[in-house]
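Please open the model in a viewer and keep the sequence at hand. The stops below name what to select and describe what is found there.

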Amino acid sequence: MSSEATASTGGLTSEQLAAFWRDGYVIVPNALPPTTVQALLDETHSLLENFSVSDHPMTRFSTGEKSAHVGDDYFLTSGDKVRFFFEEDAFDSAGHLTKPKERAINKIGHGLHAKSAPFAALLDPALNPDLLGAGSSTGSVAAGRKESHPAAVARALGFKDPRCLQSMVICKQPEIGGAVPPHQDSTFLYTEPPSAVGFWYALEDATAENGCLSFLPGSHRWAPVRQRFVRAKEGGTTFIDNDGAKFPAGEEYGEREGQSEDGEYKMGEVKAGSLVLIHGNLLHKSEKNLSQKGRIIYTFHVIEGEGTKYDERNWLQPPAEGFTRLYRE
């Protein structure tokens, strides 16, 4: 994945593509029609209302600010399943839930893109086609390469064999939705060299009040992936120093003097239906949701399957059939 890659028409406008390479992220309004947004919200609420607490290990998802990152078996084997992870602040000091279960979940993951029909539909060319390409003379659909909108976006970004390796609904619950400190997605989904891109869909409006994302524009070009989140030898998960490539291939990447990871972040308020594309090296964060309004989003991550290495140290390991291909041709 490189800004020098030749992008096909479709998926993104030239202005959106330029913004992504310049800033490390881009907001694509109205990427999902209201009917799709509602279908995904309905599926989310159904999952939240119908999962069982009686046989749940009560695994809490931590971003590392209050306690160590999650690393139990329930988490480590969730890559091809639909599992539920609680907010840390949904429990009292005795370990009892203080919220109804559907208001206590931090996220659902990590196999929604394969195991839930409404979410899987986003990667289906017939159910979520590249309408931007269809409206042009050289776009992916018009050119006979019928593909989903995410696939067309990946093609525009220069991916040769994009693979979806994980997906999540993140609820950002009212009053207790936890803050997420500055991080880079390639820390958690590392390839050699780094290649991850996040597809982040707002299913409800994301605002300053309910904990929208904030970004450090341009940091993808100079902020190295210094650490990796991996499976610990003694069990669980841990962070290790990254002894591999710290940037994607390309002359535009590299550490630079005068750049600070404590720079000024730009808030990214978005409306429901918007897509936010996030470069794997980009520093981004979100604040705690102290409001009475939740912020449900759906996100999945794509890595390059051609010319990169995804090793056995990563916390997330591929299912027997491999990670999901975006290109279906």
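Select Phe 119, Phe 199, Tyr 201, Tyr 298 and Phe 300: ring pairs join these residues into a cluster. The coordinates belong to a predicted model. Keep Tyr 298 selected and display its surroundings. Leaving aside neighbours within four places in sequence, Tyr 298 is in contact with Leu 112, His 113, Phe 119, Leu 122, Ser 167, Met 168, Val 169, Phe 199, Trp 200, Tyr 201 and Leu 203.

Next, add Leu 157 and Leu 277 to the view. Together with Phe 199, Tyr 201 and Tyr 298, these residues touch the most other members of the largest nonpolar core, which holds 65 residues. Helix H2 (residues 34-50) supplies the largest share of this core, namely five residues. A second core, separate from that one, has twelve residues, among them Tyr 25, Trp 200, Ala 206 and Ile 297.

**Further aromatic pairs**

How many aromatic pairs does a search of the whole structure find? The search finds 17. Select Phe 20 and Trp 21 for an edge-to-face example, with 5.1 Å from centre to centre and 75 degrees between the planes. Phe 20 and Trp 21 are both buried.

Then move to Phe 188 and Phe 239. Their ring centres are 5.8 Å apart and their planes stand at 80 degrees, so this pair is also edge-to-face. Here distant parts of the chain are linked: Phe 188 belongs to helix H8 (residues 185-188) and Phe 239 to strand S10 (residues 237-241), 51 residues apart. Phe 188 has a relative accessible area of 18% and is therefore buried, whereas Phe 239, at 30%, counts as partly exposed.

**Charges over rings**

Select Lys 107 with Phe 85. The charged end of Lys 107 sits over the ring of Phe 85, at 5.9 Å from its centre. For another example, select Arg 155 and Tyr 327: Arg 155 lies over the face of Tyr 327, 3.9 Å from the ring centre.

Keep Arg 155 in view and add Glu 147. The side chains of Glu 147 and Arg 155 form a salt bridge, with 2.9 Å from N to O. Both of these residues are buried.

**Around Asp 161**

Keep Tyr 327 displayed and select Asp 161, which lies in the loop between helix H7 (149-156) and strand S5 (162-170). Is Asp 161 buried or exposed? Its relative accessibility is 13%, so Asp 161 counts as buried. Apart from neighbours within four places in sequence, the contacts of Asp 161 are Ile 303, Glu 304, Gly 305, Glu 306, Arg 325 and Tyr 327. With Arg 325, the side chain of Asp 161 makes a polar contact of 3.3 Å.

**Salt bridges**

Side chains of opposite charge can pair when their charged atoms come close. The structure holds 15 salt bridges. Select Arg 22 and Asp 23, whose side chains meet in one of 2.9 Å, N to O. Arg 22 is partly exposed at 48% relative accessibility, while Asp 23 is buried at 17%.

Now select Lys 271 and Asp 205. Their salt bridge has its closest N and O atoms 3.7 Å apart. The two partners are 66 residues apart: Lys 271 is in the loop between strand S11 (266-268) and strand S12 (275-279), and Asp 205 is in the loop between strand S7 (197-202) and strand S8 (213-215). Lys 271 is exposed, at 57% relative accessible area, and Asp 205 is partly exposed, at 31%. To see a network, select Arg 228, Asp 243, Asp 311 and Arg 313, which are joined by salt bridges that share partners.

**Backbone stops**

Finally, display the backbone. The peptide bond from Gly 109 to His 110 is cis, with omega near 5 degrees; His 110 is placed in strand S4 (residues 105-110). Another cis peptide bond runs from Glu 192 to Pro 193, with omega near -5 degrees, and Pro 193 is in the loop between H8 and S7.

Select Met 58, in the loop between H2 and strand S2 (60-61). Although not a glycine, Met 58 has a positive phi of about 60 degrees, and at 25% relative accessibility it counts as partly exposed. End at Lys 172, in the loop between S5 and strand S6 (180-183). Lys 172 has a positive phi of about 45 degrees, although it is not a glycine, and is buried with a relative accessible area of 2%.

Key: Residues are numbered from 1 along each chain as its sequence is written. This is a predicted model: local features need pLDDT of at least 70, side-chain atom pairs count only at pLDDT 80 or more; totals for chains, interfaces and linings use all residues. Side-chain values use heavy atoms; hydrogens and water are left out. Helices (H or I, at least four residues) and strands (E, at least two) are DSSP runs, numbered from the N terminus. Buried means under 20% relative accessible area, exposed over 50%, partly exposed in between (1.4 Å probe, protein chains only). A polar contact is a pair of N or O atoms within 3.5 Å; within protein, one must be able to donate a hydrogen and the other to accept it, and residues adjacent in sequence count only if both atoms are side-chain atoms. Contact means heavy atoms within 4.5 Å. Rings of Phe, Tyr and Trp (its six-membered ring) pair if their centres lie within 6.5 Å; planes under 30 degrees apart count as stacked, over 60 as edge-to-face and the rest as tilted. A charge sits over a ring if NZ of Lys or CZ of Arg is within 6 Å of the ring centre and within 35 degrees of the ring normal. A nonpolar core is a set of buried Ala, Val, Leu, Ile, Met, Phe, Trp, Tyr and Cys residues joined through side-chain atoms within 4.5 Å. A salt bridge is a side-chain nitrogen of Lys or Arg within 4 Å of a carboxyl oxygen of Asp or Glu.
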